[in-house]
Amino acid sequence: MARINVSHPEEFILLGFADHPWLELPLFVILLITYPMAMMGNIVIILVSKLDSRLHSPMYFFLNNLSFLDMCYTTSIVPQMLVNLGSSKKTISYMGCAVQLYFFHIMGGTECLLLAIMSLDRYVAICRPLHYTLIMHQQICILLVSIVWLSGMICALSEATVTLQLPLCGLNKLDHLLCEIPVLIKIACGEKSVNELTLSVVCIFMTTVPLCLILTSYVCIGHALLKIKSSEGRKKAFGTCSSHLIVVFLFYGPAMSMYLQPPSSITRDQPKFMALFYGVVTPTLNPFIYTLRNKDVKGALGNLVRRIFSSK
């Protein structure tokens, strides 16, 4: 492990898959394809939701926020990954690492909470349909989203700031593709059990609590679906819920396996594959999941395409 004579180095060397150099070119090509796909897919979701009046509802308001969040999330890591994978100098400045650390964890924490709010919206829509517009009115939706963003920022900023205070004893090599809290804690020298405990507590609040809310919401939704006599109504309700559930498991699975274990017990390649999954794969798949499994979005997208071609 390289050492230099200051506690915080001027730059970090991101080792990535240095021990598997044959992975770098395929990974570069995959990121070069998936990043524009993720951006375009999420932009289309936002545009369609804004332009089609039928999609001016709380569900699509939250979906717009998720799409914007995914764009910021993947942008916080992929451009830097592409630069490092495409060059022999695989470094990131200390300031660049700190900025990436803040943004990546703000987006990740906010998405955990936003997915819980989206499940709450589905619960009210299916289990309290007569009171839906009364409960989920515009002011409440804006308030919920504001709380979600603010909570994500506070938790991420506090945890990232505490992590950056850890002495690194001049160590400047990160066995990762990006700057992430568990990896920085792992290479820090001195006493870090408090940081590991703090990370676990924050992650329980940001992942386990929202996940319990999501699962509770869907237990109630499942019970309500069994009472719907119309097969068409049951199918439509299940369609919107199944899209959200798929996104939840794609995001929460890798995130929990990464953050709910002590950083000292994390295996060498685990952070790299997990970060690629919840930071790249999930934001790329989300627009397709919501588009392909949602008749309203597919209809609105079809109308938008027809309008574009008819105007020509």
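Q: Which residues lie nearest the centre of the largest pocket, which is lined by 15 residues?
A: In this predicted model, the largest pocket has a volume of about 330 Å³. Helix 2, helix 4 and helix 9 are the elements that give two or more residues to its lining. Of the 15 lining residues, the ones that lie nearest the centre are Met59, Arg122, Ala125, Lys236 and Thr240.

Q: Which element provides the largest share of the lining of the largest pocket?
A: The candidates are helix 2, helix 4 and helix 9, the elements that give two or more residues to the lining of the largest pocket. The largest share amounts to four residues, and the element that provides them is helix 9.

Q: Which element provides the largest share of the lining of the second largest cavity?
A: A search of the whole structure finds four cavities of 30 Å³ or more, and the second largest cavity has a volume of about 90 Å³. Its lining includes Met59, Phe62, Met118, Arg122, Thr240 and His244, and at least two lining residues come from each of helix 2, helix 4 and helix 9 (231–259). The largest share, four residues, comes from helix 2.

Q: How many of the 18 residues of helix 2 are buried?
A: Helix 2 covers residues 58–75 and reaches 26 Å from its first C-alpha to its last, close to the 26 Å expected at 1.5 Å a residue. The helix is mostly covered, and of its 18 residues the number that are buried is 14.

Q: Is Ser67 buried or exposed?
A: Ser67 lies in helix 2, and, leaving aside neighbours within four places in sequence, Ser67 is in contact with Asn42, Ile45 and Ile46. A residue counts as buried under 20% relative accessible area. Because the relative accessible area of Ser67 is 2%, Ser67 is buried.

Q: Which element gives the most residues to the largest nonpolar core?
A: In soluble globular proteins, nonpolar side chains tend to be buried together. The largest nonpolar core here has 72 residues, and those that touch the most other members are Leu31, Phe62, Leu66, Leu115, Met118, Tyr252 and Leu276. With 14 residues, the element that gives the most to this core is helix 4 (residues 94–127).

Q: Which residues does Leu31 touch, not counting residues up to four places away in sequence?
A: Leu31 is one of the residues that touch the most other members of the largest nonpolar core. Once residues up to four places away in sequence are set aside, the residues that Leu31 touches are Pro36, Val78, Met81, Leu82, Leu85, Leu276 and Val280.

Q: How many residues apart are Phe12 and Tyr94, the pair that links distant parts of the chain?
A: A search of the whole structure finds seven aromatic pairs, and one of them is the tilted pair of Phe12 and Tyr94, at 6.0 Å centre to centre with 35° between the planes. Phe12 lies in strand 1 (residues 11–14) and Tyr94 in helix 4, so that the pair links distant parts of the chain, with a separation of 82 residues. Phe12 counts as buried, at a relative accessibility of 1%.

Q: Is the pair of Phe251 and Tyr252 stacked or edge-to-face?
A: Phe251 and Tyr252 are both buried, and ring pairs link these two with Tyr73 and Phe104 into a cluster. The ring centres of Phe251 and Tyr252 are 5.9 Å apart, and because their planes stand at 90°, the pair is edge-to-face.

Technical notes
Residues are numbered from 1 along each chain as its sequence is written. This is a predicted model: local features need pLDDT of at least 70, side-chain atom pairs count only at pLDDT 80 or more; totals for chains, interfaces and linings use all residues. Side-chain values use heavy atoms; hydrogens and water are left out. A nonpolar core is a set of buried Ala, Val, Leu, Ile, Met, Phe, Trp, Tyr and Cys residues joined through side-chain atoms within 4.5 Å. Buried means under 20% relative accessible area, exposed over 50%, partly exposed in between (1.4 Å probe, protein chains only). Contact means heavy atoms within 4.5 Å. Rings of Phe, Tyr and Trp (its six-membered ring) pair if their centres lie within 6.5 Å; planes under 30 degrees apart count as stacked, over 60 as edge-to-face and the rest as tilted. The expected span of a helix is 1.5 Å times one less than its number of residues. On a 1 Å grid over the protein atoms alone, a cavity is a set of points where a 1.4 Å probe fits but cannot get out, and a pocket is an open set with protein on both sides within 12 Å along at least five of seven lines; lining residues have an atom within 4 Å of a point. Grid points are joined across faces, edges and corners, and a volume is the space filled by probe spheres set on the points.
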